[in-house]
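Trainee: I should like to learn how the terms used for a protein model are justified. May we look at one together?

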Amino acid sequence: MARDSLTGSRIRERRQIAGLRQAELARQVGISASYINLIEHNRRRIAGKLLLDIARVLKVDPNLLTEGAEAALVAALREAAADSGVVAAETDRADEFAGRFPGWAEVLSRQSQRIQSLEQAVETLSDRFNRDPQLAESLHEVLSTATAIRSTAAILAETSDLTVEWRDRFHKNLDQDSRRLADSSKALVSYLDASSLSEEGRAIPQEEAEAFLAANQGHFPSLETGEKDPDALAASSKELSSPAARQIVQVILRRYVGDAAAMPLDEMRGIISKVGLDPLAIARRFDVTLSAALRRLATMPTDVVETEIGLVVCDASGSILFRKPTAGFALPRFGESCPLWPLYVALSRPVTPLRQRVAQPGREHAVFDCIAVSEPVGPASYNRDAVYRSTMLILPVGPEAEGEPPVPVGVSCRICPRTTCSARREPSILGEGF
Amino acid sequence: MNRHVLLVEDEPNIVEAIRFLLTREGWQVDCHSDGSDAVEAVQNLKPDLLILDPMLPGRSGLDILRDLRALSEFENLPVLMLTARGQSRDRDMAERAGVSRFMTKPFSNVEVLTAVRDLVALAGRA
């Protein structure tokens, strides 16, 4: 039987793993139990929204239902080959390899995933060391004290004719520095323990604010209905521990309330069902700026927009002010992203909406439509240049999506393997053999 | 006449150790810990060698170095930079600013003395 005709069997298998009865699954996706039965016995073809709904209820990737685990493995092998840069890899025989040696294929696939995850960890740490002023200061303190101890100890050990006065002075310095080193090391460890080197921790207010927004999936029903005001919501959140993070969240939530008032949820639901994810049509319908429409789309709940939408905002210096990640599109934590992103291109073409299909390296299945615009911030003044901010919506598109081929873009130069890129501003740490 | 080094570093015990080492090597050592008037200190003292920490109170060592290289009198002054930040981007920035030798903390006394001797030898040949 052809691979895609077994979709029903896979749904049945996954439903049983999930411990759901046919009737329960049918109820949750809004169809009859008898129809689910026909689907599961491969007597009805299934695709589109119903397939997505079933995958959502079963908490699996839709591709796993349509193509099966073997196809996912083959895709992972091809991605591993592309990531490795080994052109001699027989990618056209990945199917055969996965079929003959499924265990080894799984090992290879997991190793590749682990490399990707480690690369992201490297990027996070590298960013942190470079951009986190508190950590930089702390490391500087430790290294400077260690240097002083090393130099002083070497003088004491290697200088035979040291006068008593010098010897006493260096002993005193050693005592001072060893205490300082103990204190600064302790402070550094405490800081790292509390920081986001772990999955949950947050080191800086911006990360704390982003974690709060992510925990709410960017959507706040109590603000939509006016039940709460943004300042009270930020102030009462237990997830926001620092005043700076609360302040960042307050600003974001106030803007959220403004956008929600201009583009009410029910009306958004209506227009999205008519025109789809078309920010220009939405901006025209509500007479708002395109950047406001982009922001609003990124706050839609999953019952309005099933797709996980990402959003990035930067100022004219390129510093990232806001990030709402979407799976597969890597966003550096502290700015210095890829200058090829439409987000940055838009800065050189103010007020002109840009739409571009892009793909990042090593993620051949992750293709995104990015819609970006840079618009002036604040009221206009005579003889004063406007200050621009750029906003970019990131819409995931399926690997089989038709249309223009994606433009290759990076994450940040530090972890980008594209050595010949004209936009490169520094060598890749991966290339340096990190 | 003793050769003259100016050490611009805000870590007092590093200053003490380097001053001791260089004095024993026959150098006259002046020390300065504030970045804000370090360029003036170099102009006044006219050292044969400058040892510079890039992270100083008042002003960054990189800015100090850029200002010095813009002055014809100091465009060839040997400058040894001692830094806790040793990533390739930091080295690259220091080289762009005109550093003669870049050394990351924690360094050994031997490494500092070797670097100082090398820089003096190079300056002598220039």
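Mentor: We shall take some terms in turn and set each against its definition; please keep in mind that this is a predicted model.

Trainee: What makes the five strands of chain B an open sheet?

Mentor: Two strands pair if at least two bridges are found between them. β3 (residues 49-52) and β4 (residues 79-83) of chain B have three bridges, in the parallel sense, so this pair meets the requirement of at least two. Within this pair, Leu52(B) stands opposite Met81(B) of β4(B). The sheet has the order β2-β1-β3-β4-β5 in chain B, with parallel pairing. β2 (27-32) and β5 (101-104) of chain B each have a single partner strand, so one side of each lacks a neighbour in the sheet and they stand at the edges. From one strand to the next, the twist averages 20°.

Trainee: Where does α1(B) lie with respect to these strands?

Mentor: α1(B) lies across β1 (3-8), β2 and β3 of chain B, and runs at about 165° to β2(B). Along chain B, the elements follow the pattern β-α-β-α-β-α-β-α-β-α from the N terminus.

Trainee: How do you know that the buried residues of α3(A) are on the same side of the helix?

Mentor: A residue is called buried if 20 or more other C-beta atoms lie within 10 Å of its own. In helix α3 (residues 33-40) of chain A, the buried residues are Ile36(A), Ile39(A) and Glu40(A). They span an arc of only 95° around the axis, and therefore lie on the same side of α3(A). These buried residues pack against α1 (7-18) and α2 (22-29) of chain A. After α3(A) comes Asn42(A), with a positive phi near 60°.

Trainee: Which residues make up the contact between chains A and B, and what makes them a contact?

Mentor: Two residues are in contact if their C-beta atoms lie within 7 Å. The contact takes 19 residues from chain A and 17 residues from chain B. On the chain B side, α1 (12-24) and α4 (88-97) each supply at least two residues, and α1(B) gives the largest share, seven residues. That side divides into nine nonpolar, four polar and four charged residues.

Trainee: How many residues does the largest nonpolar core have, and which of them touch the most other members?

Mentor: The largest nonpolar core has 55 residues, of which Val249(A), Leu311(A), Cys370(A), Met392(A), Leu393(A) and Ile394(A) touch the most other members. Apart from this core lies another, of 41 residues, including Ile149(A), Val5(B), Leu77(B) and Val99(B).

Notes
Residues numbered from 1 in each chain as written. Chains lettered and ligands numbered in written order. Predicted model: local features only at pLDDT ≥ 70, side-chain atom pairs only at ≥ 80, totals over all residues. Helix = DSSP H or I, 4+ residues; strand = E, 2+ residues; numbered from the N terminus. Nonpolar A, V, L, I, M, F, W, Y, C, P; charged D, E, K, R; others polar. Buried ≥ 20, exposed ≤ 12 C-beta atoms within 10 Å, placed from the backbone. Arc of directions from axis to C-beta. Core = buried A, V, L, I, M, F, W, Y, C linked by C-beta atoms within 7 Å. Axes fitted to C-alpha atoms, helices over the stretch in contact; angles between N-to-C directions.
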